[in-house]
Amino acid sequence: MTKKYGMFLSALFCAFLVGIGALHLALPDRAWSETENRTLAKRPDLTAASVADGTFMTDAEDYIADQFPRRDGWTGLKARTEQLFGKSEFRGVYLCGDTLINRGDEPGEQAEKNLGYVSALAEAAEVPVYLGLIPTASEIWGNRLPDGASVPNQSAFIQRALEETGVSGVDYFSALQDQAGEKLYYRTDHHWTSLGAYYGYVALCEDLGEEAVSLDSFTPETVSHDFNGTLYSTSGVHWLTPDTMEYYVPEEGVTVTDPQERETESLPLYDRSYLAKKDKYSSFLGGNRPVCIVKNPNAATDRKILLIRDSYADAMAPFLSQTFAEVHLLDLRYYHLPPAEYARENGVDGIVVSYSVQNFVTDKNLAFLSR
């Protein structure tokens, strides 16, 4: 009986492999994973050179993994099974009740280089330079992490960064820490919510000597109840309730332009077409742009500021438009000209290097600050 049972299991397993292989051949390859929000590997070309240097096997493994039939379902099943066995970390993401929190990277050599680039910018610029490092959920919501979770000490790095660069700081940390009980970050995404971005705006205004518009002045508009963000994609934890997304600032009177595009007409402050897609966070300003200028003739001041920033600034820019007449945003992933020169040519009154701590310690594009 035991031998027959073993033969049955072997035959069943072989049939499973054959079935998966047949399904893999029958289904068309996917170029994009909506769940994981990334491009999937393509079928590699078989050449003598790729076989000789080993790249064919590596690329083939990536291709098979990415194009595995019903990959999204298997990924979710794997995470759910591991969770039932007591696991709380999934691909560098901690499951904290109904919230996903990214572990993050310890500051290393790249972080030290980036601090030097900030100092170089401060020397080259003719206007004040501020460094604003945004703590992520692992720092502000550290009490939600599972026992034994290992995350970087972001507040210590922020303090050291200001000491080493010698520039003025935007104290995002205190502003967020004081409101830690509120919904500052999405539960399935690494970004701050519109509410978290508001408190960041308050901190920036205070450190630049301006008075922020009160939160009571805004009426939040709920625009989505089904936002599943980057941490949902990365972790494979697909059973949490989706996030709700809100807009606070009305669009009337605010214009958004991209000077690198041929079209000069205003872009939307909120590109609502993204609300029907996976990447709903890109609805703020329409996603990543090399240069973006937000203008408001009815702003509280006539000041112009330049934010050299990551995507956290996209959700903060609508609030900034209520205080500053012009908000210029540079994304160094795509803009590689000297920022100090950009500031001079556009008559800005101050430069803020505004990054989440996680992005700042790993981003190699900050080298363009020192040009």
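Begin this tour of a predicted model by selecting helices α5 and α7, which pass each other in a right-handed crossing. The first of them, α5, covers residues 109-124, while α7 covers residues 154-165, and their axes come within 9 Å and cross at roughly 45°. Angles that are neither under 35 degrees, nor over 145, nor from 65 to 115 count as oblique, and α5 and α7 are therefore oblique to each other.

Keep both helices on screen and show the side chains where they touch: on the α5 side select A111, E112, L115, V118 and S119, and on the α7 side select F157, R160, A161, E164 and T165, since these are the residues that meet. If you colour this contact by residue class, you will find 5 nonpolar, 2 polar and 3 charged residues.

Now stay with α7 and add the strands beneath your selection, where α7 lies across β6 (129-134) and β7, running at about 170° to β6. These two strands belong to an open sheet of 7 strands, which you can follow in the order β7-β6-β14-β12-β13-β11-β10, and whose pairing is mixed. At the edges of this sheet, select β7 (168-169) and β10 (255-257), each of which pairs on one side only.

From the edge strand β10, move to its partner β11 (residues 291-295), with which β10 pairs in the antiparallel sense over 3 bridges. Which residue of β11 is the bridge partner of V256? Select V294, and you have that partner in view.

Next, select α11, which packs on the sheet and touches β6, β12 (304-309), β13 (326-330) and β14 (350-356), with a direction that makes about 165° with that of β12.

Helix α11 (residues 312-320) also packs with helix α9 (residues 194-207), at an angle of about 60° and with their axes 8 Å apart. This pair, α9 and α11, is therefore oblique, and α9 passes α11 in a right-handed crossing. To see the contact itself, show S194, A197, Y198, G200, Y201 and L204 in α9 together with A315, M316, F319 and L320 in α11. The residues of this contact divide into 8 nonpolar, 2 polar and no charged.

For the last stop, turn to an open sheet of 3 strands, in the order β3-β4-β5, with antiparallel pairing. Its edge strands are β3 (89-90) and β5 (99-102), each pairing on one side only. Between β3 and strand β4 (residues 93-96), which run antiparallel, there are 2 bridges, and if you select F90 you can look for its bridge partner in β4, which is V93.

How values were computed. Residues are numbered from 1 along each chain as its sequence is written. This is a predicted model: local features need pLDDT of at least 70, side-chain atom pairs count only at pLDDT 80 or more; totals for chains, interfaces and linings use all residues. Side-chain values use heavy atoms; hydrogens and water are left out. Two strands pair if DSSP finds at least two bridges between them. Helices (H or I, at least four residues) and strands (E, at least two) are DSSP runs, numbered from the N terminus. Axes are lines fitted to C-alpha atoms, for helices over the stretch in contact, and angles run from 0 to 180 degrees between N-to-C directions. A crossing is left-handed if the near helix is turned anticlockwise from the far one by less than a right angle, and right-handed if clockwise. Contact means heavy atoms within 4.5 Å. Ala, Val, Leu, Ile, Met, Phe, Trp, Tyr, Cys and Pro count as nonpolar, Asp, Glu, Lys and Arg as charged, and the others, Gly among them, as polar.
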